[in-house]
Amino acid sequence: MTAPGSAARTLLASLLRPRARRLWLAGALVLLQRGAALTGPLLVAYTIDQAVPAWRTGDRGPMTGVAIGYLLCGSASGVLRYAFVTVSARVGQDVLLDLRVRVFGHAQGLSLDFHERYTSGRLTSRITTDVEALRGLLDEALATIVTAAVSTVYITAALLFLDWPLGLAAVLVLGPLAWTMRSFRRRSTRVYRGRSSAMAAVVARLAETLGGIRTVQAFRREESEGAAFAALNGAHRRTNGDAGLEMARYVTSSRLVANLAVAALVTWGASRVVSGGLELGVFAAAVLYLRQLYDDPLRLGGVADAYQSAAASLEKIAALLAQRPTVPEPAVPIPLPPPAAERPGRSVTFEGVAFAYPAGGEVLSGIDLHIPAGQTVAVVGPTGAGKSTLAKLLARLHDPTAGRVLVDGTDLRHLATAELRRTVVMVPQDAFLFSGSVAENIAIGRPDADAGAIVRAARTIGVHDVIAALPDGYDTDVRARGTRLSAGQRQLIGLTRALLAEPAVVILDEATSSLDLPTERAAHHAMRTVLRGRTALVVAHRLTTVHLADRVLVVDEGRVVEDGPPAALLARQGRFTSLHRAWRAARPSADDPSHGGDRGSGTLGGEAGAC
Ligand SMILES: Nc1ncnc2c1ncn2[C@@H]1O[C@H](COP(=O)(O)OP(=O)(O)OP(=O)(O)O)[C@@H](O)[C@H]1O
């Protein structure tokens, strides 16, 4: 069978090495168990050639010895088999647990650009289908392979011991059998790998379609998604059929070779018995051994599937584990200087920053920016201008391709991840809620926060009443039936998280989705609360948000084209003024704090195209 590639072998070795002692024990148990199980034919030879003739002369001793020998070997074989299965199953389960935890931990540590490339469906497939494929290897295939190898050595030795010409002839037949196995291996490798990839594609599609079920239903894509899923299943069925065909070919050809060999050897042995060249008992034992000897290659064929699937899956998992974060933890972190007592927050500097996503051209270039501690900066501009990318660089979700991003003079690349996450907190457009209580969800930025601190933060943000009205208040499971929080409420929870985490630098990627006026006012108030006393970069889609800022950056095609206080920019009659006008035209009252009406929901992102 094809051995897994070197990365997969290294991975398997790293999984098995910590369990070496139990593996040695399992190996010793197999040696003993096969020894006990394969003594049977030797006892048959002894019975026919020695014990029965002795009994005929009135000596029952040898037969009694044979009976006791049978009993002991049979019992020992059973007990040893039980012990072997128990030990190897424990090793298998431990390896799988270790592997799953390792893959999950590794995937979590990989940078955002990896996750943007490698879909969650593919990751699910690695942790489920591929780890399960390894289970097939550990549960059955490995034991079968080791048992077959040990049995072949034992049986060959026993046959040579009983009658070396017969033993030699039997060994020679192993050659053609090995050849059939080799050609089966060559053909089946491709087929089994194809089947494993087809299955992975089915799982990945399933995860992705169900993950995006709202979009699927909203755009009536059920039929086309169903057709795509059926096509993938069809491909999987075809590869399954091919695998079955290969196996049938192998079983037929190797059985044919084995049966021909047994027939020839039995005829030859029988002729020697007749001519007196071979004892009857030895002949009987040889026949019993021959069957077992040629059955082992067949058993190996039976587990080839599990072996090949595991080899293919191990390779995929090894390739995933070989991915390195593109935003690595510094080898020797540099701590931030103590915060200045006189000013809240920390300063932020972009120094000659440029950035390109791995699979695309430059989306930011020539960014030179200094944000003093405590300043709130709103970033506005057309859709796709690079606003969110700028925010992601400050959160170090990516590293710039040129230049540096500094907080209080320290390059983000030199900050320990824990300190970075404590200092800079990003509130994304849509706050993701993990399964668990509302309180746990609020506390993710500060897990040691007590209930009082959580409630205080929620009150300050203005979301306490919403939470208190939930079926179990702060203990309500956010994923439980009937507790769907609205987009606006999720935003408020996201802001409460940020407030509780008390970062020196906060990044708000304002949601583009429009909210009803009361929720929008609540969100506005919450933002004002979170921004107070911190350095802030706000990707703004509404002019009400811009009103919160000390300074506005207008970004277009990856460059900062205007920079200054909102009033000064308005006076300049430039890009910001056009944006402002477009906003006022689309939403003359609702976005302006001086008005109280409730109109449509124009947002800067949407209007920015006019700019
Ligand atoms: N993960 C990614 N891989 C490749 N290109 C990306 C990725 N994310 C964004 N881009 C591209 O980078 C450019 C800037 O995107 P970015 O999200 O920063 O714009 P934005 O100004 O925040 O837009 P919006 O207001 O619509 O959110 C766009 O051309 C976008 O297509």
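In this predicted model, four strands form an open sheet with antiparallel pairing. The strand order is 2-1-4-5. Strand 2 (362-371) and strand 5 (410-411) are the edge strands, and each pairs on one side only. Strand 1 (residues 348-356) and strand 4 (residues 402-407) are joined in the antiparallel sense by five bridges. Val-348 has Val-407 of strand 4 as its bridge partner. Helix 11 (residues 387-394) lies across strand 1, strand 2 and strand 4. The helix runs at about 120 degrees to strand 1.

Parallel pairing appears further along the chain, around strand 7. Strand 6 (residues 424-427) pairs with strand 7 in the parallel sense over four bridges. In this pairing, Val-425 stands opposite Val-506. Strand 7 also runs parallel to strand 8 (residues 535-539), and five bridges join the two. Here Leu-508 of strand 7 is placed opposite Val-538 of strand 8.

Strand 7 (residues 505-509) is largely enclosed by the rest of the structure, because five of its five residues are buried. In a regular strand, side chains alternate between the two faces of the sheet. Both faces of strand 7 are covered. Val-505, Ile-507 and Asp-509 are buried on one side. Val-506 and Leu-508 are buried on the other.

Two of these strand 7 residues also feature in the nonpolar interior. The largest nonpolar core has 73 residues. Val-379, Leu-394, Val-506, Ile-507 and Val-538 have the most contacts inside this core. Helix 16 (residues 487-501) gives the most to the core, with seven residues. Leaving aside residues up to four places away in sequence, Val-379 touches Lys-387, Leu-390, Leu-537, Val-538, Val-539, Ala-540, Leu-553 and Val-555. Apart from the core around Val-379 lies another core, of 58 residues. Among its members are Leu-38, Tyr-46, Ala-170 and Ala-310.

The UniProt record, an unreviewed entry, places the feature "transmembrane region" at residues 61-84 and 166-184. In the model, residues 61-84 are 100% helix and 0% strand. The end C-alpha atoms of this span lie 34 Å apart. Residues 166-184 are likewise 100% helix and 0% strand. For this second span, the end C-alpha atoms are 28 Å apart.

Conventions
Residues are numbered from 1 along each chain as its sequence is written. This is a predicted model: local features need pLDDT of at least 70, side-chain atom pairs count only at pLDDT 80 or more; totals for chains, interfaces and linings use all residues. A residue is buried if 20 or more other C-beta atoms lie within 10 Å of its own, exposed if 12 or fewer, and partly exposed in between; C-beta atoms are placed from the backbone. Two strands pair if DSSP finds at least two bridges between them. Two residues are in contact if their C-beta atoms, placed from the backbone, lie within 7 Å. Axes are lines fitted to C-alpha atoms, for helices over the stretch in contact, and angles run from 0 to 180 degrees between N-to-C directions. A nonpolar core is a set of buried Ala, Val, Leu, Ile, Met, Phe, Trp, Tyr and Cys residues joined through C-beta atoms within 7 Å. UniProt positions are given in the numbering used here, feature names are shortened, and annotations may be inferred rather than shown by experiment.
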